[in-house]
Number of protein chains: 6
Amino acid sequence: MIYVTRKERFNAAHKLWRPDWTKAMNEEVYGKCANENWHGHNYDLFVTVKGEIDQETGYVLDLKLLSRLINSEVITHLDHKNINLDVPFMKGMIASTENLVVAIWKILSPTISATFECELHCVKLYETENNFAEYYGE
Amino acid sequence: MIYVTRKERFNAAHKLWRPDWTKAMNEEVYGKCANENWHGHNYDLFVTVKGEIDQETGYVLDLKLLSRLINSEVITHLDHKNINLDVPFMKGMIASTENLVVAIWKILSPTISATFECELHCVKLYETENNFAEYYGE
Amino acid sequence: MIYVTRKERFNAAHKLWRPDWTKAMNEEVYGKCANENWHGHNYDLFVTVKGEIDQETGYVLDLKLLSRLINSEVITHLDHKNINLDVPFMKGMIASTENLVVAIWKILSPTISATFECELHCVKLYETENNFAEYYGE
Amino acid sequence: MIYVTRKERFNAAHKLWRPDWTKAMNEEVYGKCANENWHGHNYDLFVTVKGEIDQETGYVLDLKLLSRLINSEVITHLDHKNINLDVPFMKGMIASTENLVVAIWKILSPTISATFECELHCVKLYETENNFAEYYGE
Amino acid sequence: MIYVTRKERFNAAHKLWRPDWTKAMNEEVYGKCANENWHGHNYDLFVTVKGEIDQETGYVLDLKLLSRLINSEVITHLDHKNINLDVPFMKGMIASTENLVVAIWKILSPTISATFECELHCVKLYETENNFAEYYGE
Amino acid sequence: MIYVTRKERFNAAHKLWRPDWTKAMNEEVYGKCANENWHGHNYDLFVTVKGEIDQETGYVLDLKLLSRLINSEVITHLDHKNINLDVPFMKGMIASTENLVVAIWKILSPTISATFECELHCVKLYETENNFAEYYGE
């Protein structure tokens, strides 16, 4: 079993905000991340799959194809977007890094299994160089 | 003459957008950076000052003090903010990296000269790891 | 189960040295790391916790609060300090990266469990870009 | 159980190419990585071992010695070499990152177990900042 | 005058080798960089232009357009190529970083001046994290 | 004129401290950098030389030789040392980054001019990722 990882990037705006809370309550819980007018990040996304080496190609999978799939299913929906307003798979959810890694897992896991001879192992997302979240599907 | 640099960071939302242009015109000129609902970045700011070494302290200046000044004059206005909506010194300006480095220069240059025995040499701002702008005051 | 990580930094002096060994013996075992007059590093510390997402906040935990706890319990004791001389929780121990990750685990694990709805998963410490140690508590 | 990692680097040429396939077939499968005249990379290699802390030294193992072993057994065969043509342990294999991590594991695992009081845990290899593979021996 | 920089990357094989020298002579001068079978690098290219801010757009120039120009004029000729064998503008030249920055300057300088309201300021090329060259056109 | 840079590293202890000042005075001026028992850093040193390309070799100079010279003249005196106590060329000087870049310049400038067909252009030293100093010899 080999683990292979592809890094992608997206730049997005968001705020941490519950619409059912007052502004004061949002600011108490989320601090400056609750700025009503949004802030944003350069997100770094690491997608790790696991599988055996295809003896014919020497690949677990072709990372160019994985990159295309991540871009068409995830990055185009997030890059240069507002996570709270523009992203179908984040509608109604708090735009936290934790919720993002789970949402990205739910999109990529079935499509990776269906497309390649391997399975999704981990979704890791850096919001800043100091803060990141990982999800392994369980 | 020694050049001393301090790196600071801020996370902000923005869009490249002229209010006097149509949406179509903004998208033609600025592409995905014109997303009406904003996007954002982790900005890295490098402030370089030049001066002679103070023989008493071995410093050109105390970088802790420079850091405090950059934070109070610049970072607090930009961090976790919307550059188009929230930042007094960017009001009425297009929120480009180029305009940001000039605006930051105009704030820092007089206050650095007035506070320390040295002068501002360069303001350098990374919007992403691939794109950055520098201004030397002229 | 989501894994969330916070990066912190500290700058410290140390030497690898057993007081019950001669200088020659220390130099034979530890090489240049045994320089009697100390050397030092910019350490990078990664603290990973695991837990479920709080459906109310979208957080596993508030990383600002984790950062404060790491700073008050660990970083203030190590930053701009001598690991062999100044750090209560390293007294009588060899100032190796391995001993540091275990000592930091022992401090953070109970206080994280007591403070947050999650538990410590990993303490990872970079001494240089080329050398680092990880501890998972067992 | 502590995990300790050493990073090493090598610069090498390679192509992804099966000699039993036509040029057209190689280009169809491997794209630009099949350039007949080779291309190359700055590879970053991370070797992680696991073991208990030696109470006498505070080390799991001396990373200087691990570095020497990685250099003599692996790096000298790969650095400033052509992976397809020059590297004995890659002869007859496709020069993919996946095959490299397995080949490096097979070299390092027995010699680390024989030399140190610890065992190899992971071989991780970055081909670029965006693509890397990991192998844990099973 | 503002300086704006775009970073691009290419992965290439090369060797430092004079065909009019013997193998022994090449190895004496270039060391392991003279490996007959090539080695390679992940090159990082920084292209800096200087100009005034266009008051209409807030840009010195549109970095997406600069990126496209660098890719069509430079990167496509170098990426996943052999610098000694495949690159028209390096034919007959020693494949050193120094010669590369001058060759890239000669390509980009006239086309940037002809395409944008600004001029090329610097070409900077990293061969490794430890070695890089810069050229300012004179 | 081409500018060529070599990066080297050293790990050292220091304190910012004037022996002719009281402890209280040192702490007032230098803050936590005045910890009597030292602290330390992983320093990154960038040495830039300028010269013309030798048409015979394609080099401004052989960076392996520059690296050896920097190591023998500078790094061996600083690496795994105490800058205040162990380093001949820093005796009697405050161990600031500013004083270090000037001292390193004074060592390297004449020996580079005497050894190579080029001259020293800049000495740049990072104390941390946030703080660095540069010296151009005047």
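# How the chains meet

Visitor: How many salt bridges are counted between chain A and chain C?

Guide: The count between these two chains is one salt bridge. Please keep in mind from the start that this is a predicted model.

Visitor: Why is the pairing of A:Glu129 with C:Arg9 called a salt bridge?

Guide: The term asks for a side-chain nitrogen of Lys or Arg within 4 Å of a carboxyl oxygen of Asp or Glu. Here A:Glu129 faces C:Arg9, and the closest N and O atoms are 3.4 Å apart. An Arg and a Glu are the right partners and 3.4 Å is within 4 Å, so the pair earns the name.

Visitor: What else describes the contact between chain A and chain C?

Guide: The contact takes 20 residues from chain A and 20 residues from chain C. Between them the two chains bury about 1,700 Å², with carbon and sulfur atoms giving 50% of that area. On the side of chain A, the three residues A:Glu98, A:Asn130 and A:Phe132 supply 33% of the area buried against chain C, which is more than any other three residues.

Visitor: What makes chain A and chain C copies related by a particular kind of axis?

Guide: In general, two copies of a chain are related by a rotation about an axis and a shift along it. For this pair, a rotation of 120 degrees with a shift of 0.0 Å along its axis lays chain A on chain C, with an RMSD of 0.0 Å. That is the relation of a three-fold axis.

Visitor: Which residue of chain A comes closest to the rotation axis?

Guide: A:Glu129 does, with its C-alpha at 8.8 Å from the axis. A:Glu129 is also the residue that forms the salt bridge with C:Arg9.

Visitor: What is the relation between chain A and chain B?

Guide: A turn of 180 degrees, with a shift of 0.0 Å along the axis, puts chain A on chain B with an RMSD of 0.0 Å. The two copies are thus related as by a two-fold rotation axis.

Visitor: How do you know through which surface the copies in chain A and chain B meet?

Guide: One compares the interface residues of the two chains: 100% of those of chain A are also interface residues in chain B, so the copies meet through the same surface. The contact takes 22 residues from chain A and 22 residues from chain B. About 1,800 Å² is buried between these chains, 44% of it on carbon and sulfur atoms. A:Asn37, A:Asn42 and A:His80 supply 31% of the area that chain A buries against chain B, more than any other three residues.

Visitor: How many salt bridges are counted between chain A and chain B, and why does the pair B:Arg9 and A:Glu129 qualify?

Guide: The count is four salt bridges. One of them joins the side chains of B:Arg9 and A:Glu129, with N and O 2.5 Å apart. The limit is 4 Å, and 2.5 Å is within it, so this pair qualifies as well.

Visitor: What can be said about chain A and chain E, and about chain B and chain C?

Guide: Chain A and chain E do not touch, and their nearest C-alpha atoms are 14 Å apart. No contact joins chain B and chain C either, where the closest C-alpha atoms also lie 14 Å apart. A contact would need heavy atoms within 4.5 Å.

Visitor: Which elements make up chain A, and in what order do they run?

Guide: Chain A has four helices and five strands. From the N terminus on, their order is β-α-β-α-β-α-α-β-β. The C-alpha atoms of chain A fill a box of roughly 60 × 25 × 25 Å along the principal axes.

Visitor: How is the packing of helix H2 and helix H4 of chain E described?

Guide: Two packed helices are described by the angle between their axes and the distance between the axes. In chain E, helix H2 (residues 63–78) and helix H4 (residues 97–115) pack at about 145 degrees, with their axes 11 Å apart. H2(E) passes H4(E) in a right-handed crossing. H2(E) brings E:Leu66, E:Leu69, E:Ile70, E:Glu73, E:Val74 and E:Leu78 to the contact, while H4(E) brings E:Leu100, E:Ile104, E:Ile107, E:Leu108, E:Thr111, E:Ile112 and E:Thr115. By class, these residues divide into ten nonpolar, two polar and one charged.

Visitor: Why is E:Glu73 counted as charged?

Guide: Glu belongs to the charged class along with Asp, Lys and Arg, so E:Glu73 is counted there. Thr is not listed as nonpolar or charged, and therefore E:Thr111 and E:Thr115 count as polar.

Methods: Residues numbered from 1 in each chain as written. Chains lettered and ligands numbered in written order. Predicted model: local features only at pLDDT ≥ 70, side-chain atom pairs only at ≥ 80, totals over all residues. Heavy atoms only, no water. Axes fitted to C-alpha atoms, helices over the stretch in contact; angles between N-to-C directions. Helix = DSSP H or I, 4+ residues; strand = E, 2+ residues; numbered from the N terminus. Left-handed = near helix turned anticlockwise from the far one by under 90°. Least-squares fit on C-alpha atoms with pLDDT ≥ 70 in both. Buried area = accessible area lost by both parts, 1.4 Å probe.
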